[in-house]
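Open the model in your viewer and keep the selection box handy. This tour goes from stop to stop, telling you what to pick and what you will find there.

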Amino acid sequence: MIDFERHPDTYRHWKLDVEGEIAWVRMDVDEKGGLRDDYELKLNSYDLGVDIELYDCVQRLRFEHPGVRAVILTSGNEKVFCAGANIKMLAGSAHGHKVNFCKFTNETRMYIEDATENSSQSWICAITGSCAGGGYELALACDHIILADDGSSSISLPELPLLAVLPGTGGLTRLVDKRKVRRDRADFFCSTEEGVRGKRASGWNLVDEIVPRTRLEETARARAGEYAARSDRPTDESGIALTPLGRQLSDDTIRYSLVTVEIDRGARAATITVKGPDGACPADTAAAKAEGAAFWPLRLARELDDAMLHLRLNEEEIGSWIFNTEGESDLVAGFDAFIAANADDWFVREVSLYLKRVLKRLDLSSRSIFATIAPGSCFTGVLLELALAADRTYMLDGQFEGDNRPAATVRLTTANFGPYPMSNGLTRMQSRCLGTPELLAQAEAATGRDLDASEADELGLVTFTPDDIDWEDEVRLAIEERSVFSPDALTGMEASLRFAGPETMATKIFGRLTAWQNWIFQRPNAIGETGALTPYGTGTRNTFAPRRVCYGPRVRKQDPQQRGLG
């Protein structure tokens with residue numbers, strides 16, 4: 001089982017040092033510290049375990065170190081910055097693990113970018129030695145890249161010529177969309193094994209500046225100081241410790257304080273029940289900080305995040321996630337109002353951004369997502385986002401026979417109209433109402449009211465509203481139907497349908513990961529007996545099948561006279 005909980009005291013691959021408003025994050029990978037024992041993490045290469053530690057580090061810098069305004073990312077190995085993803089690990093991994101690894105790594109890179117964009121915590125990358133593949137992709141996630149100009153330090157994206165695959169963590173997209181590298185230069189850069197160095201790297205905007213190796217640390221400190229001076233992070237606040245989650249795990253159940261996952265292996269489905277607050281929100285931000293990691297929205301984000309990551313990597317055959325909620329709507333609405341009213345406070349801002357990232361992870365998960373709304377549910381505000389993220393939502397119209405609880409309702413709050421956008425830059429309500437802006441206006445006008453099944457249906461908040469007679473059969477058949485469809489086709493369909501509207505760097509990266517990276521990773525040219533990944537490092541030359549599959553219009557073979565050539 002892959003565990004996603006980490007703490008700096010247990011890091012094997014990273015060293016975190018905080019010096020006032022600047023933190024140093026040094027990559028120093030333990031060769032013997034891989035998740036499996038059939039490969040060694042040589043040359044600062046990485047596997048999922050290395051990235052899990054980095055993810056933990058990014059989170060802790062935001063919550064536990066509010067005074068850190070800039071982060072310098074560098075290597076603990078003078079000769080190699082990072083050789084990228086470990087090739088032996090990739091060659092020996094199942095296809096699903098490779099794709100999940102790439103997805104998690106991408107999300108972590110985006111969390112670094114989010115720290116700069118929304119938390120005023122900028123990342124500067126200082127490169128010495130070889131920086132290849134995923135190593136350069138890590139650098140691309142930073143705001144400022146400094147390369148040692150020493151004749152040997154270089155950057156490269158060599159996946160195409162070396163491995164017959166593509167940079168799996170957004171390298172190509174960041175190259176042209178983020179750094180605006182010219183297409184012809186990017187083509188050359190991505191087609192050469194040795195990469196580029198020095199003036200060419202700077203002139204092509206592959207890095208921001210080059211400096212002599214002897215001045216690299218000095219320059220990195222200076223740039224970090226410049227970014228720190230522009231930050232609005234507090235200088236006199238204590239951090240919030242991200243304490244252990246206290247997860248309880250059994251064969252078919254995962255239990256946290258707010259989230260419970262129950263797995264039905266026969267149906268290949270997991271029911272995820274999320275609890276609302278067990279008390280009113282704190283009176284002020286000082287009281288919220290005093291609660292620390294127990295603050296309900298933060299606890300919710302951490303537990304739901306861990307549960308989804310566990311299901312993604314450890315339960316690949318569980319293809320459907322069914323979300324339920326329980327609790328009191330007024331309490332959830334109170335927390336939503338508190339977050340909206342205190343959005344300028346650093347801690348409240350971080351909690352809100354964490355919820356945004358977790359909900360984006362839900363959108364990006366290759367699982368069928370359902371929500372079921374019945375008496376006792378609490379789909380209000382931030383919890384309603386779970387239903388709005390679902391591929392389908394079923395809401396009971398009325399009550400179950402013999403059940404004295406009131407009929408289910410849903411409630412919109414300010415949380416549904418701004419703070420938690422999807423990867424396409426739109427809120428989930430905006431995405432639902434792309435073709436019906438008048439419906440979005442009606443929904444906003446209904447904010448704060450409890451909406452029954454009929455009203456929720458009219459506002460486009462739910463998919464179906466069966467009564468108690470049809471409820472069990474409709475929900476059961478939907479889940480059973482999902483279990484007999486092709487999981488590959490479902491992944492493609494869901495990824496295509498979820499992100500309507502504008503294209504962003506994030507939707508490009510994850511859309512391409514779902515499509516071409518999924519496809520290329522399974523082609524014989526990559527993983528066949530004579531493909532690139534299989535014999536890598538053995539000295540055996542790979543042999544590629546030359547046919548370009550589905551590249552450009554396909555011409556049917558015809559009689560020459562029919563083609564006008566006779």
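A salt bridge here is a side-chain nitrogen of Lys or Arg within 4 Å of a carboxyl oxygen of Asp or Glu. With that in hand, select Lys289 and Glu237: their side chains meet in a salt bridge, 3.0 Å from N to O. Before moving on, note that this is a predicted model, in which local features need pLDDT of at least 70 and side-chain atom pairs count only at pLDDT 80 or more, while totals for chains, interfaces and linings use all residues. Residues are numbered from 1 along each chain as its sequence is written, and side-chain values use heavy atoms, with hydrogens and water left out.

**Salt bridges**

Stay with the pair on your screen. Lys289 lies in helix α10 (residues 285-291) and Glu237 in the loop between α9 (216-229) and β12 (248-249), so the salt bridge ties together parts that are 52 residues apart in sequence. Helices (H or I, at least four residues) and strands (E, at least two) are DSSP runs, numbered from the N terminus. Lys289 counts as buried at 16% relative accessibility, and Glu237 is partly exposed at 31%. For these words, buried means under 20% relative accessible area, exposed over 50%, and partly exposed in between (1.4 Å probe, protein chains only).

Now select Arg62, Asp114, Arg233, Glu350, Lys356 and Arg357 together: salt bridges that share partners join these residues into one network. A search of the whole structure finds 46 salt bridges.

Next, pick Asp28 and Lys15, whose closest N and O atoms are 3.1 Å apart in a salt bridge. Asp28 sits in the loop between β2 (22-27) and β3 (45-46) and Lys15 in strand β1 (residues 14-19), so this pair ties together parts 13 residues apart in sequence. Asp28 is partly exposed at 27% relative accessibility, and Lys15 is partly exposed at 45%.

Where does Asp56 find its partner? Select Arg60: the closest N and O atoms of this salt bridge are 2.6 Å apart. Asp56 and Arg60 are 4 residues apart in helix α1, so about one helical turn separates them. Both Asp56 and Arg60 are buried.

**Aromatic rings**

Show the rings next. Rings of Phe, Tyr and Trp (its six-membered ring) pair if their centres lie within 6.5 Å; planes under 30 degrees apart count as stacked, over 60 as edge-to-face and the rest as tilted. The whole structure has 15 aromatic pairs. Zoom in on Tyr55 and Phe104, an edge-to-face pair with 5.6 Å from centre to centre and 70° between the planes. This pair links distant parts of the chain, with Tyr55 in helix α1 (residues 48-63) and Phe104 in helix α3 (residues 95-119), 49 residues apart. Tyr55 and Phe104 are both buried.

Then select Trp296 and Phe335, whose ring centres are 5.4 Å apart and whose planes are at 50°, so the pair is tilted. Trp296 belongs to helix α11 (residues 296-314) and Phe335 to helix α12 (residues 329-341), so the pair ties together parts 39 residues apart in sequence. Trp296 is buried, with a relative accessible area of 3%, and Phe335 is buried, with a relative accessible area of 3%. Widen the selection to Phe63, Phe295, Trp296, Phe335, Phe338, Trp346, Phe347 and Tyr354, which form one aromatic cluster.

Go back to Tyr55 and add Arg361: the charged end of Arg361 sits over the ring of Tyr55, 5.3 Å from its centre. A charge sits over a ring if NZ of Lys or CZ of Arg is within 6 Å of the ring centre and within 35 degrees of the ring normal. For another example, select Arg109, whose charged end sits over the ring of Tyr46, 5.6 Å from its centre.

**The largest cavity**

Keep Tyr55 on screen and turn to the enclosed space. On a 1 Å grid over the protein atoms alone, a cavity is a set of points where a 1.4 Å probe fits but cannot get out, and lining residues have an atom within 4 Å of a point. The largest cavity holds about 200 Å³ of space. Of its 14 lining residues, Phe4, Tyr55, Asp56, Arg302 and Tyr354 are the closest to its centre. Colour α1 and α11, which each supply at least two residues of this lining.

Definitions and conventions
On a 1 Å grid over the protein atoms alone, a cavity is a set of points where a 1.4 Å probe fits but cannot get out, and a pocket is an open set with protein on both sides within 12 Å along at least five of seven lines; lining residues have an atom within 4 Å of a point. Grid points are joined across faces, edges and corners, and a volume is the space filled by probe spheres set on the points.
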